[in-house]
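Reader: I am new to this structure and should be grateful for a close look at a single part of it. Please begin with one residue and work outward from there.

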Amino acid sequence: MLPKQLTAMAGVLCTASMLANAAYAEDAVTSLSAIEGEWEGKVQVGGLAGFLELKLGVTSAGAILGMQQLTLSCEYVVAPTIKDGMFDAFLVKDVNNNCENDKVTFAVTDGQLGVKLVDQWQSVGALSQTNGPAIGERVFPDAAIKGVTMGTPLDQLDGLLPAGGKITPEQSLRKVVRALKQLNGTYRQISVPYSEPEFTKYSQDNLAFYNVPNDANEGVMAITRFYSPSPLQATTFASYEAALLEAYGQPAQTSKESRSVMHHWHYGLDGQPATGIALESCTRHIRSSTSGPAAAMLFSALKFSVSGRPAKGKGSLTPKLLTRPNCGYSLEYFITSKEDGSLQDAQAVFYDHRALATEMWPDKAEDLQEEVEKRLAYIKAAATNAPDL
């Protein structure tokens with residue numbers, strides 16, 4: 001059955017569609033700037049079609065809505081002006097002559113976006129944001145690294161400084177490491193030197209705390225840590241791993257090699273350990289081509305052999321952050337042991353997925369806005385140009 005003829009399926013609609021319909025009138029969107037970003041989801045339709053896959057890109061200048069299912073592939077450009085609660089949706093791609101010009105309405109509830117083509121759908125599509133400024137209230141998990149949680153204001157870090165530690169002023173992230181795409185924001189770094197007099201120019205514990213502008217999370221949105229204790233300060237690998245499990249609970253993912261292990265903990269948008277759909281969202285595979293910017297940190301650490309002999313160790317930590325839709329926060333610890341079973345080092349990264357999406361949005365928004373404006377200009381020209389007979 002064709003989209004222009006689709007009707008809602010008799011029977012029970014999926015939960016997401018019911019939620020979208022319930023909140024549709026209450027949370028109607030009147031300005032596209034309120035829902036800027038990229039969105040993905042589905043709409044349930046009648047007949048054999050079942051569901052249509054939806055992709056939506058929104059800027060204040062307009063939007064592009066695509067739908068696809070089997071032999072159906074249509075795309076609309078949405079004008080930024082609203083009339084009678086609806087936005088004009090102009091058909092710009094129709095592979096098999098299935099679609100037509102329409103009007104579209106949007107509604108937001110609990111971080112989800114409801115979308116409806118007025119003449120062609122009876123049910124409402126439910127979309128989740130995959131990129132762009134975060135929609136909805138931010139709730140932070142209780143998990144912390146060295147006492148610092150997500151959302152902690154950077155100017156409060158001085159009061160959380162470990163004994164013997166030093167902290168830098170807030171500074172730009174852009175050029176921490178050359179030739180590397182980094183977070184566009186600011187950071188502060190804590191360095192805790194070795195207690196042994198001969199090693200004090202090196203730091204055994206290094207932490208960086210990152211903030212990005214224009215996000216609902218106005219404090220710490222990412223933390224990185226590199227900890228490389230001296231032989232006199234090191235615990236066993238087994239006891240350090242046990243302490244991690246005691247602090248953060250059972251990890252959602254674990255990978256092991258001969259003398260190392262990596263644990264992953266994930267938290268939903270509600271700040272609680274991720275389960276069900278939230279856990280699936282946090283653990284889904286992300287193509288390397290979509291990897292985000294790095295949270296870079298430079299430091300001077302030592303690496304100790306089993307005999308206790310020091311050598312200059314790792315001098316930078318540059319994990320690339322990946323944003324996953326519907327995932328709130330991710331915490332990762334990678335720990336390595338020496339041959340004698342003592343801890344060699346521990347590396348950690350903890351970050352806010354929605355703050356990362358906010359940081360990554362401006363570059364994508366610029367390209368999307370250019371495409372929207374071009375397509376709307378073509379439509380306007382075609383409507384006003386006089387025929388040349």
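Reader: Which residue stands opposite Ala-222 in β15?

Author: The residue opposite Ala-222 in β15 is Tyr-210. The model is a predicted one, in which local features need pLDDT of at least 70 and side-chain atom pairs count only at pLDDT 80 or more, while totals for chains, interfaces and linings use all residues. Residues are numbered from 1 along each chain as its sequence is written, and side-chain values use heavy atoms, with hydrogens and water left out.

The facing pair belongs to a longer contact between strands. Strand β14, residues 203-211, runs antiparallel to β15, and six bridges join the two. Two strands count as paired if DSSP finds at least two bridges between them; strands (E, at least two residues) and helices (H or I, at least four) are DSSP runs numbered from the N terminus. β15 also pairs with strand β23, residues 343-352, again in the antiparallel sense and over six bridges. In that pairing, Arg-225 stands opposite Ala-348 of β23.

The surroundings of β15 can be followed residue by residue. The strand spans residues 222-227, and because six of its six residues are buried, it is largely enclosed by the rest of the structure. Buried here means under 20% relative accessible area, with exposed meaning over 50% and partly exposed in between (1.4 Å probe, protein chains only). The burial holds on both faces of β15: Ala-222, Thr-224 and Phe-226 are buried on one side, and Ile-223, Arg-225 and Tyr-227 are buried on the other. Thus Ala-222, which faces Tyr-210, and Arg-225, which faces Ala-348, lie on opposite sides of the strand.

Antiparallel pairing also appears elsewhere in the chain. Eight strands form a closed barrel with antiparallel pairing, in the order β1-β2-β3-β4-β5-β6-β7-β8. Within this barrel, strand β1 (residues 37-44) and strand β2 (residues 51-59) are joined by eight bridges. One of the facing pairs there is Val-43 with Leu-52, its bridge partner in β2.

The barrel strand β4 leads to the disulfides, since Cys-74 lies in β4 and its partner Cys-99 in the loop between β5 and β6 (102-109), so this pair ties together parts that are 25 residues apart in sequence. A disulfide is a pair of cysteine sulfur atoms within 2.5 Å, and the structure holds two of them. In the link of Cys-74 and Cys-99, the sulfur atoms are 1.9 Å apart. The torsion about this S-S bond is about 85°, so the disulfide is right-handed. Both Cys-74 and Cys-99 are buried.

The other disulfide is formed by Cys-282 and Cys-327, with 2.0 Å between their sulfur atoms. This pair links distant parts of the chain, 45 residues apart: Cys-282 is in helix α3 (residues 276-283), and Cys-327 is in the loop between β21 (316-317) and β22 (329-337). The link of Cys-282 and Cys-327 has 100° about its S-S bond and is right-handed. Cys-282 and Cys-327 are each buried. When the bonded cysteines are counted along the chain, the disulfides follow the pattern 1-2, 3-4.

To return to the part requested, β15 is thus a strand with antiparallel partners in β14 and β23, and with buried residues on both of its faces.
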